[in-house]
Amino acid sequence: MRSSVIVFPASNCDRDIAVALEQISGSKPDMVWHGETSVPSSDLIVIPGGFSFGDYLRSGAMAAQSPIMKDVISKAKAGTPVLGICNGFQVLVESGLLPGALMRNRDIKFICKDVFLNVERNDTIFTRKYAAGETVKYPVAHHDGNYFASPDVLAEIEDNGQVAFRYASEDGEVSEADNPNGSLNNIAGIYNKELSVLGLMPHPERLISAELGGSDGVLMFESLVEAFA
Amino acid sequence: MSEKEIMNNEGGMSQKDLIPEPVEITDALIAEHGLSGDEYVHLLEILGRVPSSTELGIFSVMWSEHCSYKSSRFHLKKLPVDGPQVIQGPGENAGVVDLGDGVAAIFKMESHNHPSYIEPFQGAATGVGGIMRDVFTMGARPVANLNALRFGEPDHAKTRHLVNGVVAGIAAYGNCMGVPTVGGETNFDKRYNQNILVNAMCVGLADTDKIFYSAAKGVGLPVVYVGSKTGRDGIHGATMASAEFDDETDEKRPTVQVGDPFTEKLLLEACLELMNSDAIIAIQDMGAAGLTSSSVEMADKGGVGFTMNLDLVPQREDGMTAYEMMLSESQERMLMVLKPGSEPAAKAIFDKWDLDFAVIGETTDTGRLIVHHKGEVEANLEVATLADSAPEYQRPYTKTAKAETITADDIPPTNNITETLIKLMSGPHLSSRRWIYQQYDHMVMGDTVQRPGGDAAVVRVHGTNKGLASTTDVTPRYCYADPYEGGKQAVVETWRNLTAVGATPLAITNCLNFGNPTRPEIMGQFVGCLEGMGDACRALSYPIVSGNVSLYNETNGVGIPPTPAIGGIGLIDDIAIQASLVFKTEGDVIILIGDTQGQLGQSLYQELQTGDFAGAPPSVDLSTELKHGDMVRRLITAQKVSAVHDVSDGGLLVAIADMAIASGLGAELRAAPDDIAAEAYWFGEDQARYVVTVPAENKDAVLTELQTAQIPANEIGVVSGSDLIIEGADSLAITQLTERFEAYLPNLLA
């Protein structure tokens with residue numbers, strides 16, 4: 001699998017995702033500086049977590065205007081899969097590749113902890129190695145992860161099956177008690193209509209071995225490797 | 001005229017003859033600069049003339065307690081700073097310790113107390129930013145942040161505001177930098193009501209052959225300014241941090257700097273990128289006293305002079321004077337001396353990261369710091385004098401009187417051990433710190449293998465199987481009651497915490513927070529704590545490689561308890577073989593290592609029962625600590641134990657409760673031995689103790705090994721079920737205990 005990771009000023013999970021991609025796919029991703037104008041030909045483009053441009057203005061808003069994003073958007077529209085994690089999800093929303101918005105967490109504070117997620121569907125390139133409805137553990141680490149969309153957009157996302165992950169209890173029960181940030185419908189991640197672009201707040205790349213506290217993130221990358229084999 | 005000409009048009013005149021315009025001296029002006037009358041006389045003697053305004057400002061900050069250590073230096077010299085593992089001890093931006101295989105840990109802790117009380121968010125944020133710069137200026141990538149926080153009593157009117165602000169500030173800065181905040185400690189005590197303490201520690205990793213220092217050796221080299229622009233913020237911050245607070249403290253808000261973690265992240269990446277080349281001869285961050293202290297230190301260590309033209313300094317505001325620029329503490333700035341000719345390549349890197357890069361002067365053979373601004377000479381001072389002339393005081397001190405030993409008979413007894421445990425675990429001292437550390441990204445960088453909440457945090461040394469353990473500790477109430485024993489205990493507790501995860505302790509940094517040193521009893525606390533720390537470091541071969549002193553933590557004549565916060569680091573050879581405090585398996589046997597006399601003086605139990613702390617703190621026997629700790633580490637390395645926790649605040653039952661809460665598993669415990677009062681047994685804070693669990697089949701072997709080594713060890717119970725059951729006492733569901741343990745801080749602060 002050939003992948004490219006877009007690096008913005010103050011991206012800070014770029015190394016983490018590169019380590020995960022190399023560990024699981026066997027090949028190093030290309031690291032692409034935001035000031036470039038074209039992404040090398042890739043099976044997968046990743047927009048990593050961090051605080052691009054310090055989260056100034058609005059998380060992801062300035063990164064969405066970076067020179068590289070024109071090519072990311074055009075490649076995504078032409079079908080190249082894109083994965084945005086945390087700040088990457090915010091950038092995808094700000095750049096219009098995914099619907100909705102990510103607002104400040106319900107209780108106004110940054111939150112870093114493991115959460116449980118239901119994998120809503122396992123027929124996508126990102127989740128094909130998970131079981132349908134499986135509950136997985138990924139960590140969250142964000143200040144602005146409170147997913148919001150207008151009622152029509154939300155209905156459309158739900159009807160189209162665009163919800164990728166929902167915050168849940170360890171047993172897979174979805175309720176407000178296990179919603180860490182106030183996201184509508186406990187949404188932790190969504191796809192575009194074509195299921196080729198995924199944005200999610202939790203960090204699969206942070207739980208990829210037992211010593212880090214779990215390895216539920218591995219299957220996402222194995223899914224992608226299998227999809228591009 | 002070009003800048004070059006401005007700086008060099010001294011022509012035939014001797015450099016000494018470029019005398020700046022003297023300032024009009026008044027007593028008020030001298031006092032405003034934090035100088036005593038004697039110190040001003042000293043200044044005149046050195047200079048041989050009346051200083052200019054800029055020069056007075058430069059002396060003021062260089063001679064401030066914060067920069068000069070004038071009250072503490074004499075005693076600091078007595079601390080042990082050497083060891084085979086030490087690459088760089090105190091005196092540089094941070095200490096450097098060898099981790100083997102070509103990798104070094106670079107670390108330091110620093111206080112940001114005064115600013116954090118005045119403006120908690122920015123004060124704490126810039127404290128974190130400053131300590132990270134100290135680490136990456138030496139070539140290390142920061143890999144772990146920790147902190148040590150002291151606030152006033154929980155229901156004090158300002159506490160909620162201060163905790164919220166400080167924690168949010170630490171989070172905002174560290175999280176944006178992408179450096180995990182993995183550990184720390186937080187105390188609440190009314191003696192910090194008017195003077196909170198915010199101590200930030202950073203640990204970084206560098207290649208041993210790529211460590212950068214601040215000595216600007218060589219003449220005719222470009223002096224380069226990089227990073228943020230200079231503004232008027234933080235002028236006299238170092239002087240402010242060297243004075244007591246009074247009722248007008250809130251008016252000092254303008255002296256607090258404002259942090260920009262985004263710029264610092266760019267500065268980090270740009271500096272590390274430049275450090276991959278051989279362009280840098282010397283580098284120093286602009287922290288306290290900004291351009292003044294960075295230029296003086298670099299020039300002094302290099303044995304050169306600096307000529308600088310402030311017209312070339314990137315400025316955020318119009319009309320800044322030389323005085324303001326030399327004293328500004330604007331954040332996220334570095335001063336470098338580069339190899340001539342390397343400027344274009346270096347500038348290209350800083351351009352890429354959208355940071356200012358300006359050649360503002362050059363090194364000279366004059367040995368003088370000469371500052372030009374708008375065509376005038378604003379300062380002309382001999383570097384060596386400036387660096388070495390700061391007063392050094394051997395302030396008078398009175399030793400703290402020894403307090404009486406407290407026994408169980410001195411304290412109203414509890415008739416319900418279980419209820420007492422719940423009260424302790426759900427109160428300000430021992431309740432869960434989750435509310436705090438969940439606001440810190442403690443997993444970014446993908447190497448955190450032991451997260452906050454254990455004895456020590458562990459991050460993997462990237463790309464290897466080694467683990468770097470780190471912790472911060474001090475027990476201020478012990479230090480107040482007996483500075484010498486408290487100083488020992490602070491060092492020893494970090495050493496035990498590192499040991500408890502299986503690490504070999506390597507070295508410490510410290511943040512020495514005390515009251516007003518001109519009061520003999522405060523100076524007595526300082527001297528006592530340092531003697532204790534020094535003895536502990538020597539006994540444990542655990543040297544001090546960096547640190548900082550924060551005095552005048554005092555308001556209207558009332559000082560804080562002595563708080564020598566210690567930050568320790570240790571090395572785990574293989575992270576597959578480490579320990580944690582989590583109970584692992586039902587049926588594991590619980591063993592208490594170490595002797596229990598039931599020392600209740602200064603214990604949390606005593607405060608719970610009597611409303612105050614009194615008497616002598618637990619005594620620390622250093623050879624016993626060494627013996628017990630080395631044994632525990634051997635047991636971990638030999639994989640004979642399944643869980644380990646050191647016994648500290650709150651005593652034995654609290655330690656066991658921590659292990660139960662962390663795992664959700666309960667324990668069945670034997671009653672206290674007959675020869676000791678039950679409350680003294682369960683809640684005494686005797687030192688040199690660990691609770692370990694061992695699989696049942698290892699029990700006899702482990703007990704025999706401990707007995708052979710003549711280390712007191714007793715089987716005290718077994719991991720079992722989901723309740724804590726003490727023989728002869730009420731049982732307690734771990735879920736219930738956990739709920740109370742977790743509820744305290746959210747209820748207090750949310």
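Start in chain B by selecting strand S5 (181-188) and helix H18 (476-481): each of these gives at least two residues to the lining of the largest cavity. Keep in mind as you go that this is a predicted model.

**Stop one: the largest cavity**

Now bring up the rest of the wall. From chain B, show B:Asn187, B:Phe188, B:Asp189, B:Tyr192, B:His429, B:Thr475, B:Pro476, B:Arg477, B:Pro561, B:Leu604, B:Phe613 and B:Asp649, which line this cavity. The space inside comes to about 130 Å³. Colour the lining by class and you get 6 nonpolar, 3 polar and 3 charged residues. In total, the model has 4 cavities of 30 Å³ or more.

**Stop two: the second largest cavity**

Jump over to chain A for the next one. The volume of the second largest cavity is about 100 Å³. To centre your view, pick A:Gly50, A:Phe51, A:Cys86, A:Ala141 and A:His142, the closest to the cavity's centre among the 17 residues that line it. Then highlight helix H3 (87-94) and strand S7 (135-142) of chain A, the elements that supply two or more residues to this lining. What classes of residue make up the lining of the second largest cavity? Here the split is 5 nonpolar, 8 polar and 4 charged.

**Stop three: cysteines**

Next, select the cysteines in every chain. How many disulfides are there over all chains? The count is 0. Zoom in on A:Cys112: the nearest cysteine sulfur belongs to A:Cys86, 9.8 Å away, and A:Cys112 is in no disulfide. A:Cys112 counts as buried because its relative accessibility is 0%. Then swing to chain B and pick B:Cys511, which is in no disulfide either; B:Cys529 has the nearest cysteine sulfur, at 13 Å. B:Cys511 also has 0% relative accessibility, so this cysteine counts as buried.

**Stop four: helix H1 of chain A**

Go back to chain A and select residues 14-25, which form helix H1. These 12 residues reach 16 Å from first C-alpha to last, close to the 16 Å expected at 1.5 Å a residue. Turn on side chains for A:Asp14, A:Asp16, A:Ile17, A:Ala18, A:Ala20, A:Leu21, A:Ile24 and A:Ser25, which are buried. While you look down the axis, recall that an α-helix has 3.6 residues a turn, so residues three or four places apart point the same way.

What do the buried residues of H1(A) pack against? Show strand S1 (3-7), strand S2 (30-33), strand S3 (44-47), strand S4 (82-85) and helix H5 (218-227), all of chain A, and you have their packing partners. Just past the end of H1(A), click on A:Gly26, where phi is positive at about 85°.

**Stop five: A:Ser3**

Stay in chain A and pick A:Ser3, in strand S1. Is A:Ser3 buried or exposed? A:Ser3 has a relative accessible area of 1%, so it is buried. Leaving out residues up to four places away in sequence, A:Ser3 touches A:Leu21, A:Pro29, A:Asp30, A:Ser42 and A:Leu44. One of these, A:Leu21, is also among the buried residues of H1(A).

**Last stop: B:Ser72**

Finish in chain B, in the loop between helix H5 (65-68) and helix H6 (73-76), where you'll find B:Ser72. B:Ser72 is buried, with a relative accessible area of 0%. Beyond the neighbours within four places in sequence, B:Ser72 is in contact with B:Glu65, B:Phe526 and B:Val549. For a distance to draw, try B:Ser72 to B:Ala457: the two are 385 residues apart along the chain, and their C-alpha atoms are separated by 31 Å.

Definitions and conventions: Residues numbered from 1 in each chain as written. Chains lettered and ligands numbered in written order. Predicted model: local features only at pLDDT ≥ 70, side-chain atom pairs only at ≥ 80, totals over all residues. Heavy atoms only, no water. Disulfide = S-S within 2.5 Å. Buried < 20%, exposed > 50% of the residue type's maximum accessible area, 1.4 Å probe, protein only. Helix = DSSP H or I, 4+ residues; strand = E, 2+ residues; numbered from the N terminus. Expected span 1.5 Å × (residues − 1). Contact = heavy atoms within 4.5 Å. 1 Å grid on protein atoms, 1.4 Å probe; cavity = no way out; pocket = protein on both sides within 12 Å on 5 of 7 lines; lining within 4 Å. Points joined across faces, edges and corners; volume = space filled by probe spheres on them. Nonpolar A, V, L, I, M, F, W, Y, C, P; charged D, E, K, R; others polar.
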